[in-house]
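Trainee: I am new to this structure and would be grateful for a close look at a single part. Could you take me through one helix, the sheet beside which it is placed, and the charged pairs around them?

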Amino acid sequence: MKIYIDGEMLDEADAKISVFDHGLLYGDGVFEGIRMYNGRVFRLEEHIDRLYDSARVIMLDIGIDKQAMTEAVLETVRANGLSEGYVRLVVTRGVGSLGLNPFQCPKASVIVIAANITLYAPEKYQNGLTVVTCSTRRPTPASLSPAVKSLNYLNNVMAKVEAIHADADEGLMLNEQGFVAECTGDNLFLIHGGRITTPPVSSGSLPGITWKVIFDIAAEKGVPIEEKQMTRYEIYTADEAFLTGTAAEVIPMVSLDRRPIGDGNPGKMTAEFIERFREIATSTGAEI
Ligand code: PMP
């Protein structure tokens, strides 16, 4: 495997960063997870835009422009001979001293890892995911905005541990007020009577790139879709539910807290959205 670090294409064994990198010391940095399908990188421009937005919010000067970043991603994918797979793009604050001050780190580090990925077994796309509510909350917008895709994922990791301990496939995260935000690594959609709803980003979710694709598909199909602040009541009473994420793609959710959603099987409209998502994912994107 070839890994890109700061303009160099390195063998895995040589792809290392300093123990003084603030990405390691403080989780000071931002990242993206990006998919390749069928010789194309899916929604690359959107991922690059979100990365630069996250960096801007934390006052991180990435040091290279969006075009150079796009080339770095494509070059890394080519160097690994991949036409399908997953890219992890990481920008750390870079090497500094043992104090918090980010401005003493003269230069950010850009890392691109291109690999294969299988998040959920294929049968989960057929049978759906079980989900439990986690006690770990999404951070309040009064702290760093939860819309920033930063290297601080410990809330999500702790919520994931709760889901694993409950023998569930995923964990639902609420915000501080108890409204639904999202799952530990995916956005949530519900269907009631043919209408789609999803929590707004202001409820504490990440503005997902896959989440946006669902809005495109709904518009195409003429299905009503709306961002709506919700509690678990709306999930328990939904006809169908599904989750979206770059790694998870579009996947049915069939229960929350052991209450079946609808009849407890993946829904018909969900299946249609999964099918259309796959068509779009395998036929659009930046050519490798
Ligand atoms: N929420 C969280 C917390 C995530 O980490 C992710 C994955 N990046 C998502 C939602 C889904 O976002 P996307 O569709 O852009 O991958």
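Mentor: The following account begins with one helix, passes to its sheet, and ends with salt bridges. Please keep in mind that the model is predicted.

Helix H3 covers residues 66-79. Its 14 residues, at 1.5 Å a residue, should span 20 Å, and the end C-alpha atoms are indeed 20 Å apart, so the expected and the computed span agree. The buried residues of H3 are Met69, Ala72, Val73, Leu74, Thr76 and Val77. An α-helix has 3.6 residues a turn, so residues three or four places apart point the same way. Two charged residues, Glu71 and Arg78, form a salt bridge in which the closest N and O atoms are 3.6 Å apart. Glu71 is partly exposed, at a relative accessible area of 37%, and Arg78 is likewise partly exposed, at 40%. Just after H3, Gly81 adopts a positive phi of about 60°.

H3 lies across E1, E2, E3, E4, E5, E6 and E16, and runs at about 35° to E6. These 7 strands make up an open sheet with antiparallel pairing, in the order E2-E1-E6-E5-E3-E4-E16. Strands E2 (8-11) and E16 (286-287) stand at the edges; each has a single partner strand, so one side of each is left without a neighbour in the sheet. Within the sheet, E3 and E5 run antiparallel and are joined by 8 bridges. Glu32, for example, has Leu89 in E5 as its bridge partner.

Charged pairs also occur in the loops beside these strands. Asp28 forms a salt bridge with Arg93, with the closest N and O atoms 2.9 Å apart. This pair links distant parts of the chain, 65 residues apart: Asp28 is in the loop between helix H1 and strand E3, and Arg93 is in the loop between strands E5 and E6. Both partners are buried, Asp28 with a relative accessible area of 12% and Arg93 with 7%.

The structure holds 15 salt bridges in total. Another of them joins Arg138 to Glu182, and here the closest N and O atoms are 2.9 Å apart. Arg138 lies in the loop between strand E7 and helix H5, while Glu182 belongs to strand E9, so the pair ties together parts that are 44 residues apart in sequence. Arg138 and Glu182 are both buried. Finally, Arg43, Glu46 and Asp216 are joined into one network by salt bridges that share partners.

How values were computed. Residues are numbered from 1 along each chain as its sequence is written. This is a predicted model: local features need pLDDT of at least 70, side-chain atom pairs count only at pLDDT 80 or more; totals for chains, interfaces and linings use all residues. Side-chain values use heavy atoms; hydrogens and water are left out. A salt bridge is a side-chain nitrogen of Lys or Arg within 4 Å of a carboxyl oxygen of Asp or Glu. Helices (H or I, at least four residues) and strands (E, at least two) are DSSP runs, numbered from the N terminus. Buried means under 20% relative accessible area, exposed over 50%, partly exposed in between (1.4 Å probe, protein chains only). The expected span of a helix is 1.5 Å times one less than its number of residues. Two strands pair if DSSP finds at least two bridges between them. Contact means heavy atoms within 4.5 Å. Axes are lines fitted to C-alpha atoms, for helices over the stretch in contact, and angles run from 0 to 180 degrees between N-to-C directions.
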